[in-house]
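User: I have a structure open and would like to go through it piece by piece. Can we start with the cysteines?

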Amino acid sequence: MWPFAEQRRVEPGAEAGQSGSSSRRSSDWGRSAAVAAVVTREWPDPYDPGRNSAIQVLGSPSEVGGRLGTLARAGMERWRDRLALVTGASGGVGAAVARALVQQGLKVVGCARTVGNIEELAAECKSAGYPGTLIPYRCDLSNEEDILSMFSAVRSQHSGVDICINNAGLARPDTLLSGSTSGWKDMFNVNVLGLSICTREAYQSMRERKVDDGHIININSMSGHQVPPQSVAHFYSATKYAVTALTEGLRQELREAQTHIRATAWPLTGAQLLSRLSLLAQCISPGVVETQFAFKLHDKDPEKAAATYEHMKCLKPEDVAKAVIYVLSTPPHVQIGDIQMRPTEQVT
């Protein structure tokens, strides 16, 4: 996900009486802004088995959220007591997803380089009486040995992974013309290699246990579908384009393997209904989400980081978590391929 304050849709009269680039929106008007979502379902083309026909379903946040919520509650029972891995679970979207899954009765391994926040969240979930369990695990996703050790521990202590949610990601303000090689490597190692290693190990875990209804969800970004006009985001965007390609490649390999494991990538874009396949790879691509992302990116300029979230009503981590629950709640014969979601005011 990538936070761009500049990319917003201006409603007629919304800035009447304001002047200067630093002017803020009326707080009342800002609160009325809504989240825009498009869900694209891809159905097999009856005239060409190798292609899909896409249908877009639009609606207001309340309408879409109501429909998705009803479906989610009905479809999550089959996941109770099964194990989900959520990477980057120490804050933001990862923490929201971990909490939502625990609320649904899953065992969740939440990993990050530091686990203090995850331990606090686990205690909160337990105090709240949620039916699931959150298990903190320290793992540096830029280090393959750490990742393999984590999967080994999950295998020995909890049998294995049934759902893998690749959420961890980072950005460095390293441009293409003057950025540091170390910054590029940091982004590539976590956003691309770490995701790929987790995906491989999760699939192997499912295959070894003959799990044929597993799920792999990649939390991507709208920057993985269009290059933002900010130089500090270009290499980051390249890593997210890689996630888009990796998710589609994973779908194809799962299809070749004749498995029912599902893979989803988050932009909101699609679902494939394949009668023989249930292991799914999916992608969810949010636009601007109000997290600590911008503050970590602009750690030397907190005012610039704060401004990222002040010019529009941003997505909340919980919005993305609800999308994850919806994807998981669909029947095994339905694949939500991609979801693209952004704040209503965000133009691109």
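User: Is Cys164 buried or exposed?

Analyst: This is a predicted model, and in it Cys164 is buried, with a relative accessible area of 0%.

User: And how does Cys125 count, buried or exposed?

Analyst: Cys125 counts as buried, at 1% relative accessibility.

User: How many disulfides does the structure hold?

Analyst: The number of disulfides is zero.

User: Which cysteine sulfur is closest to the one in Cys164, and why is there no bond?

Analyst: The closest one is in Cys198. The two sulfurs are 5.5 Å apart, which is too far for a bond. The cut-off for a disulfide is a pair of cysteine sulfur atoms within 2.5 Å.

User: OK, new topic. How many aromatic pairs are there?

Analyst: The structure holds one aromatic pair. Its members are Trp184 and Phe235, with ring centres 5.5 Å apart and planes at 10°, so the pair is stacked.

User: Why does that angle make it stacked?

Analyst: Planes under 30 degrees apart count as stacked, and the planes of Trp184 and Phe235 are at 10°.

User: Where in the chain do the two sit?

Analyst: Trp184 is in helix α6, residues 181-208, and Phe235 is in helix α7. They are 51 residues apart, so the pair links distant parts of the chain.

User: Is Phe235 buried or exposed?

Analyst: Phe235 is buried, with a relative accessible area of 18%. Trp184, at 23% relative accessibility, counts as partly exposed. The line between the two classes is 20%.

User: Now the pockets. What volume does the largest pocket have?

Analyst: The volume of the largest pocket is about 820 Å³. It is lined by 32 residues, and those closest to its centre are Gly88, Ser90, Arg113, Gly169 and Lys296.

User: Which helices supply at least two residues of that lining?

Analyst: Helices that do so include α3 (92-103), α7 (234-256) and α8 (293-297).

User: What is the lining like by class?

Analyst: The lining of the largest pocket has 14 nonpolar residues, twelve polar ones and six charged ones.

User: Last thing, the nonpolar cores. Which residues touch the most other members in the largest one?

Analyst: Those are Leu101, Ile165 and Ile284, in a core of 41 residues. Among the elements that give two or more residues to this core are β3 (83-87), β4 (107-112), α4 (116-127) and α10 (317-329).

User: What does the second core include?

Analyst: The second core is separate and has 36 residues, including Cys164, Met206, Val211 and Ala281. Cys164 is the buried cysteine we began with.

Methods:
Residues numbered from 1 in each chain as written. Predicted model: local features only at pLDDT ≥ 70, side-chain atom pairs only at ≥ 80, totals over all residues. Heavy atoms only, no water. 1 Å grid on protein atoms, 1.4 Å probe; cavity = no way out; pocket = protein on both sides within 12 Å on 5 of 7 lines; lining within 4 Å. Points joined across faces, edges and corners; volume = space filled by probe spheres on them. Helix = DSSP H or I, 4+ residues; strand = E, 2+ residues; numbered from the N terminus. Nonpolar A, V, L, I, M, F, W, Y, C, P; charged D, E, K, R; others polar. Phe/Tyr/Trp six-rings, centres within 6.5 Å; stacked < 30°, edge-to-face > 60°. Buried < 20%, exposed > 50% of the residue type's maximum accessible area, 1.4 Å probe, protein only. Core = buried A, V, L, I, M, F, W, Y, C linked by side-chain atoms within 4.5 Å.
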